[in-house]
Amino acid sequence: MTELYDVAAIGNAIVDVIAPATDDFLTQQGMDKGAMMLVDEQRSAALYAAMQAGLEASGGSAANTVAGLASFGGRGAFLGKVADDQLGKVFTHDMRAIGAHFDTPPLLNGKATAVSMINVTPDGERTMSTFLGASTEFASEDIDAAIVEAAKIVYLEGYLFDAEAARRAFAKAAALAHGAGRMIAITLSDGFVVERHREALLGFLETQVDLVFANATEVASLFQTDDFDAAVHALRSKVKIAAVTRSAQGSVIVAGGETFEVSAFPVEKVVDTTGAGDQYAAGFMYGLANGRPLNVCGQLGSLAAAEVISHYGPRPQVSLKDLAASKGL
């Protein structure tokens, strides 16, 4: 089959509301700084009313990765569920406007389109309160076999492990991808996701996953150790390729017996870390899908992450293709 996509991503289709906040505000609202907390529609509305004015944009982790891939000039598809409402239409328009394929049928007469309230403190840390809404209704019947089989890499968003129907969809996608000789990648998404689903994630990694993205907190939680090197060593034995990010310390990539340490690109001021991991994955997979060496894949990921943390919002504001060219990548 002809490969039509570099990456086909499956994830939560979410509209992000991003606003500045103080540490005191987080405390007053009972939020754990730096975490992603699930909330109901009523709590989401209350937070929206209490937050400062900010930016509203289509988001969701895997969708942000597809946006980054497109900015590099890559070919991407996204599978995720929105409602047949105004925010759902906005999300659909935004994905198609960046050149991504998005054609999952919307949810009718059900939950509203998902919204994530993202409060960003002066140190750039983001604290998310997410109403998953229609995104949790993504199911195995929403997997488009033609898209999965036509993608070099099928990328799964770990946040979806909170929904049983989505886990079944992951299993279907993995079977289709491997049957077509494609690569399965997953991001662990969040330390709390790992805590909730540790055993299921470990089993999935061992049996279905070729490439995993994680940060230092997530990999520590996965193996229940504070020893970073030990956690990375354990992860090495589970998958073919692992890319573990460490914020300003860059990232570590392991594949078989090989190890690559990649420096972070310097940033004048960290404004908002929302989307940093998503964009790292975008750059890495763009490089991998186009035959670049693993260390260069990591450099492309670091470059994309550096761009996105220099401004508000989870998606690139400049052409990552042009930015990479200017750095000789």
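Two strands pair if DSSP finds at least two bridges between them. The exercises below apply to a predicted model.

**Exercise 1.** Determine in which sense E2 and E6 pair, and over how many bridges.

Solution.
- Strand E2 covers residues 14-20 and strand E6 covers residues 114-120.
- Seven bridges link E2 and E6, and the pairing is parallel.
- One of the bridge partners can be checked by residue: Pro20 is matched with Val120 in E6.

**Exercise 2.** Place E2 and E6 in their sheet and find the edge strands.

Solution.
- The sheet is open, has five strands and follows the order E3-E7-E6-E2-E4, with mixed pairing.
- Its edges are strand E3 (36-38) and strand E4 (55-59), each of which pairs on one side only.
- From one strand to the next, the twist averages 25°.
- Helix H4 (residues 86-97) packs on this sheet and touches E2, E4 and E6. The direction of H4 makes about 70° with that of E4.

**Exercise 3.** State the strand order of the eight-stranded sheet and explain why E5 and E13 each have one side without a neighbour.

Solution.
- This open sheet runs E5-E1-E8-E9-E10-E11-E12-E13, again with mixed pairing.
- Strand E5 (76-79) and strand E13 (258-262) stand at the edges with a single partner strand each, so one side of each lacks a neighbour in the sheet.
- Ignoring direction, neighbouring strands are turned by 15° against each other on average.
- For E5, the partner is strand E1 (residues 5-10): four bridges join E1 and E5, which run parallel. Within this pairing, Ala8 has Ala77 of E5 as its bridge partner.

**Exercise 4.** Identify which strands of the eight-stranded sheet are touched by H3 and by H8.

Solution.
- Helix H3 (residues 61-71) packs on the sheet against E1, E5, strand E8 (151-157) and strand E9 (183-187). Its direction makes about 165° with that of E5.
- H8 packs on the sheet too, touching strand E10 (211-215) and strand E11 (241-245). The direction of H8 makes about 105° with that of E10.

**Exercise 5.** Classify the crossing of H8 and H9 and describe their contact.

Solution.
- The axes of helix H8 (residues 216-223) and helix H9 (residues 228-236) come within 9 Å and cross at roughly 75°.
- Angles of 65 to 115 degrees count as roughly perpendicular; H8 and H9 are therefore roughly perpendicular to each other.
- H8 contributes Ala216, Val219, Ala220, Leu222 and Phe223 to the contact, and H9 contributes Phe228, Ala231, Ala234 and Leu235.
- By class, the contact residues of H8 and H9 comprise nine nonpolar, no polar and no charged.

How values were computed:
Residues numbered from 1 in each chain as written. Predicted model: local features only at pLDDT ≥ 70, side-chain atom pairs only at ≥ 80, totals over all residues. Heavy atoms only, no water. Axes fitted to C-alpha atoms, helices over the stretch in contact; angles between N-to-C directions. Helix = DSSP H or I, 4+ residues; strand = E, 2+ residues; numbered from the N terminus. Parallel < 35°, antiparallel > 145°, perpendicular 65-115°, else oblique. Contact = heavy atoms within 4.5 Å. Nonpolar A, V, L, I, M, F, W, Y, C, P; charged D, E, K, R; others polar.
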